[in-house]
Amino acid sequence: MQFARVFVLIIAGLSAAGTATAQMQYTLDGTPTGLEEEIRWRVNRGRFDVVSENLTRGTAYTNLPASSGPLAPNLDITLAARHQSEDMAKANKFQHETVPGSLYYNATNQPNPWDRMLAEGYSWNNAGENIAAGYSGSEAVYVGWWNSSGHRANMYNSALREIGNGYYYLSSATYRAYYTMDLGTSAGNCFFTDTLFRDANGNGTYEQSEAVAGVTIRLQVGSAFTGYYDVSTDVGSFAIPIQSIAGNTTVQVVLSNSTAASLTLSIPRDYSNYSTVSLAPNESRVYGTFIRPASAR
């Protein structure tokens, strides 16, 4: 599931009323960097609406699902991606294979991207990887991948549900800037996930400087909260597992300002349109609903 872009914004202004139950914060999403989150946001916006993504990019690719669920950040595969980018830069290599003399992995016994993911603790069912080098930032590298059929197919594979982006810069390396995107699916895990930000410049695009941290996101079924919640990170990322919620269940989304300052959020209503939501310090709101699909995808 994808935050905001898939739930109907019809309950704004109500107070949260969920029954207090034992909850755990989901922490396996880790803490992406701003650049890593900018890439994830671009991929997830495109996965939500491929027709609009084609219009934005001036392309007409037809080999993609019209819409797919978003990719949640995952700490284990983020580490695998970061380490691969660092290894490539320091060895002055550009390859999917584990770099000989890797600082983190055995190139003989762990030669493949999925071997590196497994070494970091990610038990995958499906896995893929994109690499790039020499691009000037998140927009440039994403567009480079978008315009490459194999890389685009990886990013838009609806069977994949988690992502880890890793960036490393080394001025002495041939390409200087190295990017790795690792993608995977583990067991039946699926997520309610997005990026919280305020679109301060009105360009409709997430930028790391616009991130909103400190918002607690809870999911409510009936009168009870579900088992996990999350708090938006410094770059606005969050993820909540939803595989334990029965298919076709209506789920309410509760936003709570965990900070001492008033916060303003730009909540996307679709690919390019936003609603503005304000939260006073310690204020909670039920802000919308979504229906947990019968299929985990």
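This passage looks at the nonpolar cores and at helices α1, α2 and α5. The model is predicted, so local features need pLDDT of at least 70 and side-chain atom pairs count only at pLDDT 80 or more, while totals for chains, interfaces and linings use all residues. Residues are numbered from 1 along each chain as its sequence is written, and side-chain values use heavy atoms, leaving out hydrogens and water.

The largest nonpolar core (buried Ala, Val, Leu, Ile, Met, Phe, Trp, Tyr and Cys residues joined through side-chain atoms within 4.5 Å) holds 21 residues. Buried here means under 20% relative accessible area with a 1.4 Å probe, protein chains only. F192, V215, I217, L219, L255 and L265 have the most contacts inside this core. Two or more residues come from each of β7, β9, β10, β11, β12 and β13, where strands are DSSP runs of E, at least two residues long, and helices are runs of H or I, at least four. A second, separate core has 19 residues, among them L64, V141, W146 and A177.

Turning to the helices, α2 spans residues 50–57, and its buried residues are V50, S52, E53, N54 and R57. Their cover includes α1 (34–48) and α5 (138–146). At the N-terminal end, D49 caps α2, with a side-chain oxygen 3.3 Å from the backbone nitrogen of V51. After α2 comes G58, with a positive phi near 65 degrees.

As for α1 and α5, they pack at about 40 degrees with axes 9 Å apart, the axes being lines fitted to C-alpha atoms over the stretch in contact and the angle running from 0 to 180 degrees between N-to-C directions. The contact (heavy atoms within 4.5 Å) involves L35, E38, I39, R42 and V43 of α1 and S138, E139, V141, Y142 and W145 of α5.

Conventions:
Buried means under 20% relative accessible area, exposed over 50%, partly exposed in between (1.4 Å probe, protein chains only). A polar contact is a pair of N or O atoms within 3.5 Å; within protein, one must be able to donate a hydrogen and the other to accept it, and residues adjacent in sequence count only if both atoms are side-chain atoms.
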